[in-house]
Each structure stands twice: as C-alpha cells, then as structure tokens.
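This report describes how strands and helices are arranged in one protein chain. Please keep the structure in view while reading.

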Amino acid sequence: MTNVRFGIVGTNWISGALLDAGRTVPGFEATAVLSREHGTGQVFADAHGIPRVHTDLAMLAADDRVDAVYVASPNSLHAAQAVELLRAGKHVLVEKPVASHQRELADMVTAARDSGVLLMEAYKAPFEPNVQAIRDEVSQVGPVRRAVLVKDQYSSRYDLLKAGQLPNAFNPAFSAGSLMDLGVYPVALSVHLFGTPRSVVATGTLLPSGVDGQGTILLGYDGFEVVCLHSKIAPCGIDSQIAGEQAVVTFDDCSVPTRVTLARRGGSAVDVTREQSSHDMRYEVEEFVGLVRSGRRESAVNTHERSTTVMRILDEARGQVGVRFPADS
C-alpha cells in the first residue's frame, strides 16, 4: 500500500516526537512542514529529513503531495487550521485538546464529514498497551468505588510567568492553562474507561494571567467518583489508582503509564505492566495511518463523540473555575 504523506503544523518538541514515533510506523511519511518563519521551518525540516517548508497554511492545504496533516499549534489555532485543511480534503490529526471549546469541535466534525475525510484527536493513551492493561485489570477490582487520576508537573514556564513574562503555556489568548494542557489527560482517561459522567464539579487556582495553574475535577458516576488532579505549578507526587471492593489498580502516569500493578484485598501487589514502545506516540499514529489506508473516516476508539464528551467536561470545569478565553467569544 502507498504511504500516507504527512504535513506537520508546528516545529515544537511534540512535532519532533510525533515524527520520531511516526518513523517506526509502516506507511508513515513526512513530506512538508508549516512554520511562520521559513528559517525556523528549514532548520526543523533539515533536522527531520522533510523535503518541503511552507509558511502559509493555504500553501500546505493546496500541496498535492500531502495526504494528511498533524496539527500541533497552540490550542486556540486548532479549529481554524483544521477546518481549512479538512475543507481542502486533507485528513487531520489534531493534538489534544482538540479545540478551545465544544462549538469549535462541532465545526471541525462538520467540515470532516462534509469533505469525507478523517478527523481524529491525537489522544494517545487509549492505544497504549499499558492503558489496555489498566482497562483489563479494572475488571478484576470488583465494583469500582473510587478513582484518583493525576497529571501534574512544575512547568519551567511558570518561572517566566512569575518573572513578569507571559509564556504561551499560561496565556489565555492561546486557550492555555493547566486544565487544557494537563487536566485533559485524567478527564479523557476517565471517559475512556468509564464513559460519560453524570456530574462535574471543578475547583482551581487562578493565576494573574487569567488561566488556571492547577485544579481538581470531581466526576460523578453511578456508585463511584473519579477525582482528576492536575497542576502546572506543583507536583503532588502520588500515583493514579482505581479502587474497587476487591482490588486496586495503581499506575504511575495517566498519560503514558510505564508501571501498572494490581493489589487484591489482603494480598500483595502484582506487576501487570506490559511491554510498550519508548515512542509512546507510535500507537496513535499507527491507528491514524491504518484508518486512512482502509478508507475509514472516524476512529472507533477516539471517536468524535468521545472527544465531544471530554470537551464538554473541560468547558464545564472552566466555567466553574472562572477561566475564559478570547476564543470563547
């Protein structure tokens, strides 16, 4: 089968990680990169063996040597860029969170369906072997009673903010902040494992820039609750876990788990970790390339409905915490 030829929007570290992962996937080929500055784009292209550099989105959309595009621009740009590419007939893989809010995502889904092309959010966890291990072991815990899902770190950009600068990671103009950057991981994992919650309660710490630095989201399900902890200003140093009446599944990261254990009530913990590629984005690329090659226009795992559910929760949480973006209006 022919390769799926990718264009890359953005020259940041995550674009480089996607390319490194993509090169481990049969059928992946990078043929173009988009950068605002040609010089920056050329340096990136040379580093990754990409033949062409574009400085305008319309040029990339019109490039007939590009079949699909990975969009890794700031969150606030995802929707407009994706819609233009989708309308031009390109398949689009959009970095998480897929949009700034639900209305933008709805426009993206409409554009994909109207053009008959694939749109998928680049949420990698569901395709990872260790997330599948978590999903399998949850069936062993008995009735689930509580889950605590954690994604946090101390962002190096936070020091810039404290010094009086406004880095993109804390700029509301880019639909940024802890919830959008990190909180999306525990929320999306909860939706992947347990479906749509019946209630959402959120708190958070607002920063002077207007975005949140950290927060907690309580998702209510029938018979149990999921606590989603996220922060860009202080790591809490605890593992994630899913506890039931019979056992507890514990794992070290709810985005890329590398250690998974199952401890039955009254027993010792058993390591149930699975072998997993160091290129953790490999699995989502494999899914996307397979979908394009088979002619399918929606992932059965990262469905539009799942992305919409996650986006609805993020919208609700932001509203409760008091974070507003220019994109909201």
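How many bridges join S12 to S13, and do these strands run parallel or antiparallel? Five bridges join S12 to S13, and the two strands run antiparallel. The model discussed here is a predicted one, and every value below was computed from it.

## The eight-stranded sheet

S12 and S13 belong to an open sheet of eight strands, whose order is S8-S9-S10-S7-S11-S12-S13-S14 and whose pairing is mixed. Its edges are formed by strand S8 (199-206) and strand S14 (269-271), each of which pairs on one side only. On average, and with direction ignored, neighbouring strands of this sheet are turned by 15° against each other.

## Strands S11, S12 and S13

On one side of S12, the partner is S11, which is joined to S12 by four bridges and runs antiparallel to it. The connection between S11 and S12 is a hairpin through two residues, and within this pair isoleucine 242 stands opposite valine 249 in S12. In the pairing of S12 with S13, phenylalanine 251 stands opposite valine 260 in S13.

Is S12 enclosed or open to its surroundings? Four of its five residues are buried, so S12 is largely enclosed by the rest of the structure.

## Strands S8, S9 and S10

S8 and strand S9 (residues 212-221) pair in the antiparallel sense over eight bridges. Within S9, glycine 220 is the bridge partner of serine 199, and leucine 219 is the bridge partner of valine 200. These two strands form a hairpin with five residues between them, and in its turn glycine 210 has a positive phi of about 105°.

S9 also pairs with S10, again in the antiparallel sense and over eight bridges, with glutamine 214 standing opposite serine 231 in S10. The hairpin of S9 and S10 has two residues between the strands, and glycine 223 takes a positive phi near 90° there. S9 is mostly covered, with seven of its 10 residues buried.

## Helices H6 and H8 on the sheet

Helix H6 (residues 129-138) lies across strand S7 (144-152), strand S11 (240-244), strand S12 (247-251) and strand S13 (260-264), and it runs at about 170° to S12. Helix H8 (residues 178-194) packs on the sheet as well, touching S7, S9, strand S10 (224-231), S11 and S12, and its direction makes about 155° with that of S10.

How do H6 and H8 pack against each other, and what angle do they make? They pack at an angle of about 50°, with their axes 11 Å apart; H6 and H8 are therefore oblique to each other, and their crossing is right-handed. Val131, Ile134, Arg135 and Val138 in H6 meet Leu189, His192, Leu193 and Phe194 in H8. By class, this contact of H6 with H8 has six nonpolar, one polar and one charged residues.

## The six-stranded sheet

A second arrangement of strands is an open sheet of six strands, ordered S3-S2-S1-S4-S5-S6, in which the pairing is parallel. Its edge strands are strand S3 (52-54) and strand S6 (119-122), and each of them pairs on one side only. Neighbouring strands of this sheet are turned by 25° against each other on average, with direction ignored.

Strand S2 (residues 28-34) is joined to S3 by three bridges, and the two run parallel; in this pair, alanine 32 stands opposite arginine 52 in S3. Helix H2 (residues 38-48) packs on the sheet, where it touches S2 and S3, and its direction makes about 150° with that of S3. Helix H4 (residues 78-87) packs on the sheet too, touching strand S1 (4-9), strand S4 (68-71), strand S5 (91-95) and S6, while its direction makes about 170° with that of S5.

## Threonine 309 in helix H10

Is threonine 309, which is found in helix H10 (residues 304-321), buried or exposed? Threonine 309 has a relative accessibility of 10% and therefore counts as buried, given that the cut-off for a buried residue is under 20%. When residues up to four places away in sequence are not counted, threonine 309 touches Val191 and Thr196.

Definitions and conventions:
Residues are numbered from 1 along each chain as its sequence is written. This is a predicted model: local features need pLDDT of at least 70, side-chain atom pairs count only at pLDDT 80 or more; totals for chains, interfaces and linings use all residues. Side-chain values use heavy atoms; hydrogens and water are left out. Buried means under 20% relative accessible area, exposed over 50%, partly exposed in between (1.4 Å probe, protein chains only). Contact means heavy atoms within 4.5 Å. Two strands pair if DSSP finds at least two bridges between them. Axes are lines fitted to C-alpha atoms, for helices over the stretch in contact, and angles run from 0 to 180 degrees between N-to-C directions. Angles under 35 degrees count as roughly parallel, over 145 as roughly antiparallel, 65 to 115 as roughly perpendicular and the rest as oblique. A crossing is left-handed if the near helix is turned anticlockwise from the far one by less than a right angle, and right-handed if clockwise. Ala, Val, Leu, Ile, Met, Phe, Trp, Tyr, Cys and Pro count as nonpolar, Asp, Glu, Lys and Arg as charged, and the others, Gly among them, as polar.
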